[in-house]
Amino acid sequence: MVNLPVAHQPRPLLPELSEFFAGITPFARLRPIFERNLMRIEDEVTEDHYELRAEIPGIDPAGDVQITVADGQLTVKAERSERADTTARSEFSYGSFVRTVTLPTDADEDNITAGYDRGILTVRVPLTQNPAGARQIAIQGIENGSAALESVEHSE
């Protein structure tokens with residue numbers, strides 16, 4: 001059996017393209033394709049919540065995972081450290097794993113919860129009935145179910 005060297009520094013396969021796609025909003029979702037440390041995710045939106053599941057086995061959620069939310073962006077960062085006491089061959093990915101997703105506009109960022117079970121991190125974001133900053137606009141001049149337009153005279 002051949003032992004492969006384990007001292008390596010994970011880097012994006014194509015760092016220039018990775019950064020290029022990160023800066024272009026429509027193509028930002030392509031960035032993980034070019035990253036070596038890919039955190040696989042799945043997400044879904046239901047009537048009352050948004051749920052993100054991230055596959056990060058072998059991670060200590062208490063010490064190696066950080067979840068942040070700012071400006072409608074949810075970021076999950078995890079760190080897996082390489083064992084220094086071995087010379088065995090390893091195909092595991094080590095280093096930092098980061099994914100950022102845009103939350104739905106009606107996300108309640110103050111009540112986000114997270115759990116970790118059998119290698120899957122689940123982040124649950126409740127959805128509000130009234131998105132932040134949204135308000136109902138009353139229609140003026142409604143008479144008997146139909147809208148009446150007021151004429152406005154312009155004086156010169």
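The paragraphs below go through a predicted model, from its overall make-up to its sheet, its nonpolar core and a few single residues.

The protein contains three helices and nine strands. Read from the N terminus, the order of these elements is α-α-β-β-α-β-β-β-β-β-β-β. The protein has 156 residues, and 22% of them are buried. Its exposed surface comes to about 12000 Å², of which 50% is supplied by carbon and sulfur atoms. Taking contacts between residues at least 6 apart in sequence, 49% join residues at least 24 apart.

One sheet can be followed strand by strand. It is an open sheet of four strands in the order E1-E2-E7-E6, with antiparallel pairing. E1 and E6 (113-117) are the edge strands, each of them pairing on one side only. From one strand to the next, the twist averages 15°.

Within this sheet, strand E1 (residues 40-45) runs antiparallel to E2 and is joined to E2 by six bridges. The connection between E1 and E2 is a hairpin of three residues. Glu 42 has Arg 53 of E2 as its bridge partner. E2 also pairs with strand E7 (residues 120-126), again in the antiparallel sense, and here there are seven bridges. In that pairing, Tyr 50 stands opposite Val 125 of E7.

How far is strand E2 enclosed by the rest of the structure? A residue counts as buried when its relative accessible area is under 20%. Six of the seven residues in E2 (residues 49-55) are buried, and the strand is therefore largely enclosed by the rest of the structure.

The largest nonpolar core has 18 residues, and those touching the most other members are Met 39, Tyr 50, Leu 52, Ile 56, Ala 78, Leu 121 and Val 123. Two or more residues of this core come from each of E2, strand E4 (73-80), strand E5 (95-102) and E7. Tyr 50 thus appears twice in this account: as a residue opposite Val 125 in E7, and among the core members with the most contacts to other members.

Ile 56 is another of those core members. Apart from its neighbours within four places in sequence, Ile 56 is in contact with Met 39, Val 65, Ala 78, Arg 80, Tyr 116, Gly 119 and Leu 121. Of these contacts, Met 39, Ala 78 and Leu 121 are also listed with Ile 56 among the core residues that touch the most other members.

Strand E4 also holds Thr 75. The side chain of Thr 75 makes a polar contact of 2.9 Å with the side chain of Thr 100. With residues up to four places away in sequence not counted, Thr 75 touches Gln 66, Ile 67, Thr 68, Val 98, Arg 99 and Thr 100.

Two loop residues stand out by their backbone angles. Asp 71, in the loop between strand E3 (65-70) and E4, is not a glycine but has a positive phi of about 55°. Arg 118 lies in the loop between E6 and E7, and its phi is likewise positive, near 50°, in a residue other than glycine.

Are these two residues buried or exposed? The cut-off for an exposed residue is a relative accessible area over 50%. Asp 71 has a relative accessible area of 77% and so is exposed. Arg 118, at 79% relative accessibility, therefore counts as exposed too.

How values were computed. Residues numbered from 1 in each chain as written. Predicted model: local features only at pLDDT ≥ 70, side-chain atom pairs only at ≥ 80, totals over all residues. Heavy atoms only, no water. Buried < 20%, exposed > 50% of the residue type's maximum accessible area, 1.4 Å probe, protein only. Pairing = 2+ DSSP bridges. Axes fitted to C-alpha atoms, helices over the stretch in contact; angles between N-to-C directions. Core = buried A, V, L, I, M, F, W, Y, C linked by side-chain atoms within 4.5 Å. Contact = heavy atoms within 4.5 Å. Polar contact = N/O pair within 3.5 Å; in protein donor to acceptor, adjacent residues only side chain to side chain. Areas by Shrake-Rupley, 256 points an atom, 1.4 Å probe, with all protein chains shown as cover.
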